[in-house]
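Please open the model in your viewer and keep the sequence panel beside it, since each stop on this tour begins with a selection.

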Amino acid sequence: MRLSKRFFALSSVATASLVLMLTACETVQTTQSGLVGIDRTQRMAVSAQELDQAAGKQYATLIAEQKQKNALNRNAAQVTRVRSIANKLIAQTSVFRPDAPRWQWEVNVLTSPEVNAWCMPGGKIAVYTGLIEKLQVTDDELAAVIGHEISHALREHARERASEQMVAGSVISIGSALLGVGSLGQKGAEYTYMGLVGLPNSRSHETEADRIGVELAARAGYDPRAAITLWQKMGQVGGSAPPTFLSTHPSSADRSSDLTVYAQRVMPLYLQAKSR
């Protein structure tokens, strides 16, 4: 019972301290809202320049390793296809960030059975052959996944998460020391933080990337409705998904429902782009 009281006291201290520390962070609006209306402000405690530099170094190291393994850009047709789609999407990023088209973008295809793609801070993109081949993605679906990953970079979600984790980690460690609850109490506070703050924020990031991604795709001339079939395919290869409240991604049903609404919202952009 004593540990329980200390745990709740720690949770209260951590929560109050977290709120105070977050209010001291820089409040930014990383992107313009676009037609999909993403206007959430973000609190940042980590430098964008430092994170971009770190990401650039990490990306260069990974690419060098993949090249050494003969796993880098092995299929010329795949590389041309991926880069063509990515470049069309990148050209539309100015709608959300006027500076984004001038980023040092890089796009590479990695030979791996993993169904995956990502975009590091600053525009460092990788698409895995497993995603292309196992899902048999159409160009519209490939645009959906690349647009989604680009959107994470535009919104600086990695920077936001790093800022949040840095603040939360400091608060929990300080609170544990002050209240003397030891490692068990600290772990309890960490789980409370992840359940109440960490995971919901991750899901909000995924939703923002979904919505911005369909707008980027539509503006680039790719059918935004393909995002729905893409994530359905993803769900089929992913097996049984964890419960929504334990996942960093929205449930398949929630995601499909949201994408249906926002894909329809940006359809005029797609039709306009196709008519040009």
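## Starting in the sheet

Begin by selecting Glu-106 together with Lys-124, which is the bridge partner of Glu-106 in S5. Bear in mind as you look that this is a predicted model. The side chains of Glu-106 and Lys-124 also meet in a salt bridge, with 2.9 Å from N to O. Because Glu-106 belongs to strand S3 (residues 106-110) and Lys-124 to strand S5 (residues 124-128), this pair ties together parts that are 18 residues apart in sequence. With a surface displayed, are these two residues buried or exposed? Glu-106 counts as partly exposed, at 34% relative accessibility, whereas Lys-124 is buried, with a relative accessible area of 10%.

Now extend the selection to the whole of S3 and S5, which pair in the parallel sense over five bridges. Four of the five residues of S3 are buried, and the strand is therefore largely enclosed by the rest of the structure.

Add S4 to the view, and you have an open sheet of three strands in the order S3-S5-S4, with mixed pairing. S3 and strand S4 (117-120) stand at the edges and have a single partner strand each, so one side of each is left without a neighbour in the sheet. On average, neighbouring strands of this sheet are turned by 15° against each other, direction ignored. S4 and S5 pair in the antiparallel sense, over four bridges. If you return to Lys-124, you will find that it is the bridge partner in S5 of Met-120.

## The helices on the sheet

Keep the sheet visible and select helix H2 (residues 48-68), which packs on the sheet and touches S3, S4 and S5, its direction making about 35° with that of S3. Then select H3, which also packs on the sheet but touches S3 and S5, its direction making about 145° with that of S3.

Between H2 and H3 there is a loop, and Asn-70 has its place there. Select Asn-70 and inspect its backbone: phi is positive, at about 60°, although this residue is not a glycine. As background, most residues other than glycine have a negative phi.

## From H3 to H5

Select helix H3 (residues 76-90) and helix H5 (residues 139-154) together; they pack at an angle of about 55°, with their axes 10 Å apart. That angle makes H3 oblique to H5, and H3 passes H5 in a right-handed crossing. Which side chains should be displayed to see where the two helices meet? On the H3 side, show Arg-81, Val-82, Ile-85, Ala-86, Leu-89 and Ile-90, and on the H5 side Asp-139, Leu-142, Ala-143, Ile-146, Gly-147 and Ile-150, which they meet.

Follow the chain onward to Glu-156, in the loop between H5 and helix H6 (157-179). Like the previous loop stop, this one deserves a look at the backbone, as Glu-156 has a positive phi of about 55° although it is not a glycine. Glu-156 is buried, with a relative accessible area of 14%. Now expand the selection to Glu-26, Arg-97, Asp-99 and Arg-159, which are linked with Glu-156 in a network of salt bridges.

## Salt bridges involving H7

For the last part of the tour, select Arg-255 and Asp-210, whose side chains meet in a salt bridge at 2.7 Å, N to O. Arg-255 lies in helix H9 (residues 252-265) and Asp-210 in helix H7 (residues 182-219), so this pair ties together parts that are 45 residues apart in sequence. Arg-255 is buried, and Asp-210 is buried as well.

Stay on H7 and select Arg-219 and Glu-215, which form a salt bridge whose closest N and O atoms are 2.9 Å apart. Here both residues belong to H7 and are four residues apart, so that about one helical turn separates them. Colouring by accessibility shows how the two partners are placed: Arg-219, at 22% relative accessibility, counts as partly exposed, while Glu-215 is buried, with a relative accessible area of 0%.

If you wish to continue on your own, a search of the whole structure finds 15 salt bridges, among them the pair Glu-106 and Lys-124 from the opening stop.

Key. Residues are numbered from 1 along each chain as its sequence is written. This is a predicted model: local features need pLDDT of at least 70, side-chain atom pairs count only at pLDDT 80 or more; totals for chains, interfaces and linings use all residues. Side-chain values use heavy atoms; hydrogens and water are left out. A salt bridge is a side-chain nitrogen of Lys or Arg within 4 Å of a carboxyl oxygen of Asp or Glu. Buried means under 20% relative accessible area, exposed over 50%, partly exposed in between (1.4 Å probe, protein chains only). Two strands pair if DSSP finds at least two bridges between them. Axes are lines fitted to C-alpha atoms, for helices over the stretch in contact, and angles run from 0 to 180 degrees between N-to-C directions. Angles under 35 degrees count as roughly parallel, over 145 as roughly antiparallel, 65 to 115 as roughly perpendicular and the rest as oblique. A crossing is left-handed if the near helix is turned anticlockwise from the far one by less than a right angle, and right-handed if clockwise. Contact means heavy atoms within 4.5 Å.
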